[in-house]
Amino acid sequence: RRKWKRVVRVLEELEEACETPVGRLRQVVDAMAVEMHAGLASEGGSKLKMLLTFVDHLPTGSEIGTYYALDLGGTNFRVLRIQLGGRRSSILSQDVERQPIPQHLMTSTSEDLFDFIASTLKQFVEKEESGSEPSPVRTRELGFTFSFPVKQSSLRSGILIKWTKGFAIEDMVGKEVVELLEAALVRSGLDMRVALLVNDTVGTLALGRYHDADTVAAVIIGTGTNACYLERADAIIKCQGLLTTSGYMVVNMEWGNFWSSHLPRTSYDIDLDSESPNPNDQGFEKMISGMYLGDIVRRVILRISLESDIFGPVSSRLSIPFILQTPLLAAMHEDDSPELKEVAKILKETLEISEVSLKVRKLVVRICDVVTCRAARLAAAGIVGILKKIGRDGSGAGGTGGRNRSDVKMKRTVVAIEGGLYTSYTMFRKYLHEALNEILGDVAQHVILQVTEDGSGIGGALLAASYSSYS
Ligand code: ADP
């Protein structure tokens with residue numbers, strides 16, 4: 001019995017430390033908006049980098065013709081070709097080819113990597129164009145989605161700040177990314193112009209806008225998390241005299257690095273962070289995204305296992321970082337069998353913990369619930385933070401003098417959203433929406449989260465069209 005008492009205490013501590021009542025979420029909303037301001041005010045003014053993208057207009061639907069995209073952001077890269085019909089949401093055809101990046105190229109030289117990419121692209125173009133009309137005498141145009149931190153100085157130029165996600169090509173850090181690609185295209189003999197360099201969130205925003213003109217922001221919640229939105233150019237104080245055609249520019253927040261003392265942090269978060277390769281970095285991401293949620297749960301189970309015998313002898317598996325992946329956490333959380341069979345199976349097969357009672361399995365589900373609920377609610381607060389910054393949260397930036405909210409004509413606001421955590425994890429999505437409703441109240445009915453698919457690729461091609469030198 002004493003053992004259970006300890007277990008209950010660990011669980012209660014976890015629940016308390018992860019609590020996200022709406023008051024606390026509002027503090028996170030405010031902190032997000034404040035940090036956004038700070039990141040726009042000066043270089044290094046906030047943990048939010050608020051990177052300029054130089055994208056000052058988004059697809060309208062009138063784009064027409066054939067465009068390419070190259071999407072490099074992880075262990076796979078994709079090449080894409082789309083044909084646009086000149087009306088909103090009229091993508092006439094779309095072809096994609098996905099290629100894993102050979103392991104050795106991820107740590108080789110930039111020349112090796114880009115030669116490989118260029119030759120794949122060339123083969124793709126030749127395959128797609130064979131049998132069709134000889135291409136008209138105009139250069140092919142490509143949007144290059146490159147989802148690593150880049151400091152851009154124009155639409156088509158930017159230097160790699162650092163590698164993430166297992167890449168380590170030393171010679172490339174600090175180099176102009178587009179120049180490297182273009183040099184490889186020339187070497188391969190492929191006639192193609194790189195129209196612009198984009199971050200994957202910007203691709204998502206472009207695709208969202210192509211389908212719906214009220215789209216103003218984009219969020220990705222997958223392995224990692226990030227967001228971008230459309231900002232007024234004159235609010236980007238750190239860049240005086242910014243010339244834009246529209247008066248707006250898309251800002252890549254790099255929100256995974258957001259931090260605030262209002263975030264509900266546990267000892268498990270602190271340990272996860274200090275044992276990570278990037279301590280003190282990506283604090284928001286480490287509480288929210290798919291890469292980490294499973295590992296937070298693993299750490300809680302390990303702690304309980306060390307303090308009690310309810311999981312039997314301490315399994316050595318519990319000490320292996322990242323062994324419990326987030327899709328497994330989701331499967332346990334969403335196990336609706338009365339005996340919690342899925343929980344038993346995953347505990348046994350992944351963590352080598354067998355024969356635990358139903359009561360213990362229920363405890364595991366509860367842990368998954370607490371960790372996921374916090375993540376989803378914080379993500380919701382982040383989204384409302386963006387809405388607040390752009391005056392779409394209903395708090396009356398226009399100053400209606402405390403009149404009834406319903407008197408204020410609210411604009412319809414669409415946020416494009418992607419990523420496996422949001423699209424494949426039902427409970428995560430449900431908690432996120434619940435929190436949005438709690439924070440926004442009546443205003444929530446004007447805010448639409450719209451799932452887009454493949455924004456990083458298709459959005460890149462749409463932006464190439466939007467910035468085509470022929471249009
Ligand atoms: P990425 O972010 O790696 O580019 P995705 O947006 O598809 O790709 O997200 C994949 C991530 O989403 C996985 O790493 C995983 O953490 C999470 N994920 C995928 N499927 C599920 C699921 N069924 N339940 C919970 N999380 C999932």
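Analyst: Buried means under 20% relative accessible area, exposed over 50% and partly exposed in between, for a 1.4 Å probe and protein chains only. The model discussed here is predicted, so local features need pLDDT of at least 70 and side-chain atom pairs count only at pLDDT 80 or more, while totals for chains, interfaces and linings use all residues. Residues are numbered from 1 along each chain as its sequence is written, and side-chain values use heavy atoms, with hydrogens and water left out.

User: Which residues of α4 are called buried, and how do you know that they line one face of the helix?

Analyst: The buried residues of α4 are Val177, Val178, Leu180, Leu181, Ala184, Leu185 and Ser188. Seen down the axis, they fall within an arc of 160°, so they line one face of α4; the arc is taken over the directions from the helix axis to the C-beta atoms. The face turned away from that buried side carries the exposed residues Glu179 and Val186.

User: What do the buried residues of α4 pack against, and what follows the helix?

Analyst: They pack against β2, α3, β5, β6, β7 (157-160) and β8, where contact means heavy atoms within 4.5 Å and the element names refer to DSSP runs numbered from the N terminus, helices being H or I with at least four residues and strands E with at least two. Glycine 189 follows α4 and has a positive phi, near 80°.

User: Why does the length of α4 agree with what is expected?

Analyst: The expected span of a helix is 1.5 Å times one less than its number of residues. For the twelve residues of α4 this should be 16 Å, and the end C-alpha atoms are 17 Å apart, which agrees. For helix α2 (residues 22-41), with 20 residues, 28 Å should be spanned and the end C-alpha atoms are 29 Å apart, which also agrees. Among the buried residues of α2 are Leu25, Val28, Val29 and Met32, and the buried residues of this helix pack against β10, β11, α7, α11 (358-389) and α13 (426-440).

User: What makes the buried residues of α3 lie on the same side of the helix?

Analyst: Helix α3 (residues 110-129) reaches 28 Å from its first C-alpha to its last, close to the 28 Å expected for its 20 residues. Its buried residues include Leu113, Phe114, Ile117, Leu121, Phe124 and Val125. The buried residues of α3 cover an arc of only 165° around the axis, which puts them on the same side. What covers them includes β2, β3, β4 (91-100), β5 (140-146), α4 and β8 (192-198). Just after α3, glycine 131 takes a positive phi of about 85°.

User: Why is asparagine 257 called buried, and what does it touch?

Analyst: Asparagine 257 has a relative accessibility of 8%, which is under the cut-off, and therefore counts as buried. Its place is in the loop between β11 (248-252) and α6 (267-274), and it touches Lys47, Asn280, Asp281, Gln282 and Gly283, not counting residues up to four places away in sequence.

User: How do you know that glycine 455 is buried?

Analyst: Its relative accessible area is 0%, so glycine 455 falls under the cut-off and is buried. Glycine 455 lies in helix α14 (residues 455-466) and touches Gly203, Thr204, Leu207, Glu418 and Gly460, again leaving out residues up to four places away in sequence.

User: What makes an empty space a cavity or a pocket, and how many cavities of 30 Å³ or more does the structure hold?

Analyst: On a 1 Å grid over the protein atoms alone, a cavity is a set of points where a 1.4 Å probe fits but cannot get out, whereas a pocket is an open set with protein on both sides within 12 Å along at least five of seven lines, and lining residues have an atom within 4 Å of a point. The structure holds two cavities of 30 Å³ or more. The largest cavity has a volume of about 80 Å³, and β1 (51-52), β6 (150-154) and β8 each supply at least two residues of its lining. The second largest cavity has a volume of about 50 Å³, and its lining includes Trp259, Arg265 and Ile296.

User: Which residues lie nearest the centre of the largest pocket?

Analyst: The largest pocket, with a volume of about 1600 Å³, is lined by 46 residues, of which Gly73, Lys165, Asp200, Thr223 and Gly224 lie nearest its centre. β3 gives the most to this lining, with three residues.

Definitions and conventions. Points joined across faces, edges and corners; volume = space filled by probe spheres on them.
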